[in-house]
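This briefing covers one protein chain, with notes grouped by topic. Please keep the sequence and the model in view while reading.

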Amino acid sequence: MSTSTTAPRWTRIYLGVTTAMATLFSLLAYLKPEVQFATWPVLTTAGALSLAGPLGLYISRNLATVVVSAWAVRDGGVMAIRAGLLVRVVTDGLDAIHQVVGGNPPGAGFAVVMCAIEIAALVALS
């Protein structure tokens, strides 16, 4: 276990960048969902944007990771950064599985790379 009380700078920068991305993608999904999901047939169904609908759940999940990650970046401590990275590992790992099952190799690859970076960051904090 790390004896330092602050996380390495690169882990805070990475978490900050992914926090900004999640914020932007959430806002984009809410304000202009057709930009991200133009080919998604569920987008036009009734209730897709409700909190219980698929797009609402995507936005809610992203905003939850934003809150945890923003808190971790602001705190800067090892335990806070670990918490933020752990949330990201779970989110990106499940995204990778979802993209593989959904037949989207580029999306799966992106999620796998992000998950690998987050695992490496967690290992660096150990």
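Is Arg61 buried, partly exposed or exposed? Arg61 has a relative accessibility of 26%, so Arg61 counts as partly exposed. The model is predicted, and local features were taken only where pLDDT is at least 70. The chain has 5 helices and 0 strands.

**Overall layout**

- From the N terminus on, the order of elements is α-α-α-α-α.
- Taken along the principal axes, the C-alpha atoms fill a box of roughly 50 × 25 × 20 Å.
- The chain has 126 residues, and 35% of them count as buried.
- The accessible surface comes to about 7400 Å², and carbon and sulfur atoms account for 73% of that area.
- Of the contacts between residues at least 6 apart in sequence, 60% join residues at least 24 apart.

**Salt bridge between Arg61 and Asp95**

- The count of salt bridges comes to 3.
- One of them pairs Arg61 with Asp95, with the closest N and O atoms 2.8 Å apart.
- This pair links distant parts of the chain, since Arg61 is in helix α3 (residues 54-75) and Asp95 is in helix α4, 34 residues apart.
- Asp95 has a relative accessibility of 22%, and therefore counts as partly exposed, like its partner Arg61 at 26%.
- For both residues the cut-off matters, because buried means under 20% relative accessible area and exposed means over 50%.

**Network around Arg88**

- Arg88, Asp92 and Glu118 are linked in a network of salt bridges.
- Asp92 pairs with Arg88, and their closest N and O atoms are 3.1 Å apart.
- Both Asp92 and Arg88 lie in helix α4, at a spacing of 4 residues, about one turn of the helix.
- Asp92 and Arg88 are both buried.
- Arg88 also meets the side chain of Glu118 in a salt bridge, at 3.6 Å from N to O.
- Arg88 belongs to helix α4 and Glu118 to helix α5, so this pair ties together parts that are 30 residues apart in sequence.
- Arg88 has a relative accessible area of 6%, so Arg88 is buried.
- Glu118 has a relative accessible area of 0%, so Glu118 is buried as well.

**Arg82, a buried charge without a salt bridge**

- Arg82 lies in helix α4 (residues 78-101).
- Which side chain of opposite charge is nearest to Arg82, and how far away is it? The nearest is Asp75, at 11 Å, and Arg82 has no salt bridge although Arg82 is buried.
- A salt bridge requires a side-chain nitrogen of Lys or Arg within 4 Å of a carboxyl oxygen of Asp or Glu, which means that a separation of 11 Å does not qualify.
- The side chain of Arg82 does reach the backbone oxygen of Leu125, at 2.4 Å.

**Nonpolar core**

- The largest nonpolar core has 14 residues, and those that touch the most other members are Ala7, Leu15, Ala72, Ile81, Leu85 and Leu125.
- Two or more residues of this core come from each of α1 (9-31), α4 and α5 (105-124).
- Helix α4 gives the most to this core, with 5 residues.
- Ala72 is in contact with Leu15, Ala80, Ile81 and Gly84, leaving aside neighbours within four places in sequence.

**Ser69 in helix α3**

- Ser69 is placed in helix α3.
- The relative accessible area of Ser69 is 1%, so Ser69 is buried.
- Not counting residues up to four places away in sequence, Ser69 touches Leu15, Thr19, Gly84 and Arg88.
- A polar atom of the Ser69 side chain lies 2.8 Å from the backbone oxygen of Thr65.
- The C-alpha atoms of Ser69 and Ala22 are separated by 9.8 Å, and the two residues are 47 residues apart along the chain.

**Phe25 in helix α1**

- Phe25 is found in helix α1.
- Phe25 has a relative accessibility of 37%, so Phe25 counts as partly exposed.
- The contacts of Phe25 are with Gln36, Tyr58 and Asn62, not counting residues up to four places away in sequence.
- Phe25 and Ala96 are 71 residues apart in sequence, and their C-alpha atoms are 17 Å apart in space.

Key:
Residues numbered from 1 in each chain as written. Predicted model: local features only at pLDDT ≥ 70, side-chain atom pairs only at ≥ 80, totals over all residues. Heavy atoms only, no water. Buried < 20%, exposed > 50% of the residue type's maximum accessible area, 1.4 Å probe, protein only. Lys, Arg positive; Asp, Glu negative; His and termini not counted. Polar contact = N/O pair within 3.5 Å; in protein donor to acceptor, adjacent residues only side chain to side chain. Core = buried A, V, L, I, M, F, W, Y, C linked by side-chain atoms within 4.5 Å. Contact = heavy atoms within 4.5 Å. Areas by Shrake-Rupley, 256 points an atom, 1.4 Å probe, with all protein chains shown as cover.
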